[in-house]
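Biologist: Could you walk me through how the two chains meet? I would like to hear the reasoning behind each label.

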Amino acid sequence: MAAQSPTNMTVLYGELNKFINVSDYKQALKAANKIIHTKEGKEDTEAMHCKAVCMMQMSQFAEALKFIEGAPEIKDLLVFEKAYCQYRLLQTEDALDTINQVKSPDLRLLELKAQVLYKLGQYSASLALYKNLIKEFSDEFEEERMTNISAVHAALSAFDGVKTEL
Amino acid sequence: YPPKFEPVPCKPLFFDVALNHATFPSLDKKLGKKENPQKAGLTGLISNWWGWGGKK
């Protein structure tokens with residue numbers, strides 16, 4: 001049995017990996033569940049992480065949030081995922097609380113925070129974050145980020161009467 | 001009456017860039033970690049592993 005189990009687990013992971021690679025999140029979720037339901041995979045944080053992301057990719061944010069909050073193994077690991085689910089479920093204040101509990105947030109969390117602040121109408125704070133994000137990030141979403149910054153500038157001048165320099 | 005038309009500001013375009021940060025963890029460790037000791041030790045399993053790995 002001891003020799004059999006790791007083989008079996010690797011096969012299960014192979015399956016999960018395959019479905020992730022072809023973006024078949026429904027099947028990937030099933031594969032992740034299979035791992036979590038085994039004795040040795042019960043507390044496997046990678047499988048749980050995959051499960052949460054699968055649900056998020058399928059827009060099952062309520063389910064994903066419930067899963068993350070109910071699993072002590074990943075609660076601290078998947079803070080970004082948790083906050084994002086809250087953001088999408090319009091629990092925007094909660095999302096901000098979740099992000100603010102992190103002592104040194106990474107760029108993903110800061111980008112989410114900028115979006116959360118925008119949604120909450122805290123445009124100045126959002127703008128300050130974006131100014132930093134645009135410097136720090138180098139990925140393929142720079143145009144989208146610039147669009148968001150423009151939206152923050154527009155909101156500042158339209159709703160707060162604050163004129164800003166672009 | 002009827003009320004006069006008046007311009008209202010449109011909602012600016014705003015992208016959800018953060019969704020792109022919701023990514024899967026790397027499973028390389030899970031796939032490879034268990035592969036190496038097998039290759040080193042159990043000769044009988046090597047062909048199995050290669051057969052399986054080749055399909056990826």
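Modeller: Happy to; we will go through the interface and then the domains, and please keep in mind that this is a predicted model.

Biologist: Why is the pair Asp44(A) and Lys30(B) called a salt bridge?

Modeller: The side chains of Asp44(A) and Lys30(B) come to 3.0 Å, N to O. A salt bridge needs a Lys or Arg side-chain nitrogen within 4 Å of a carboxyl oxygen of Asp or Glu, so this pair qualifies. Between chain B and chain A the count is 3 salt bridges, and there are also 11 residue pairs in polar contact.

Biologist: Which elements of chain B give two or more residues to the side that touches chain A?

Modeller: Those are helix 1 (28–32) and helix 3 (43–54) of chain B. Helix 1 of chain B gives the most, with 3 residues.

Biologist: What makes up that side of chain B by class?

Modeller: It has 14 nonpolar, 5 polar and 4 charged residues.

Biologist: How many residues does each chain bring to the contact, and what area is buried?

Modeller: Chain B brings 23 residues and chain A brings 39. About 3000 Å² is buried between the two chains, and carbon and sulfur atoms give 72% of that area. Phe14(B), His21(B) and Phe24(B) supply 25% of what chain B buries against chain A, more than any other three residues.

Biologist: How do you know where the domains of chain A lie?

Modeller: The domain assignment gives domain 1 (1–81) and domain 2 (104–166). Taken over C-alpha atoms, the centres of these two domains of chain A are 32 Å apart.

Definitions and conventions: Residues numbered from 1 in each chain as written. Chains lettered and ligands numbered in written order. Predicted model: local features only at pLDDT ≥ 70, side-chain atom pairs only at ≥ 80, totals over all residues. Heavy atoms only, no water. Domains from an automatic or database assignment. Contact = heavy atoms within 4.5 Å. Buried area = accessible area lost by both parts, 1.4 Å probe. Polar contact = N/O pair within 3.5 Å; in protein donor to acceptor, adjacent residues only side chain to side chain. Helix = DSSP H or I, 4+ residues; strand = E, 2+ residues; numbered from the N terminus. Nonpolar A, V, L, I, M, F, W, Y, C, P; charged D, E, K, R; others polar.
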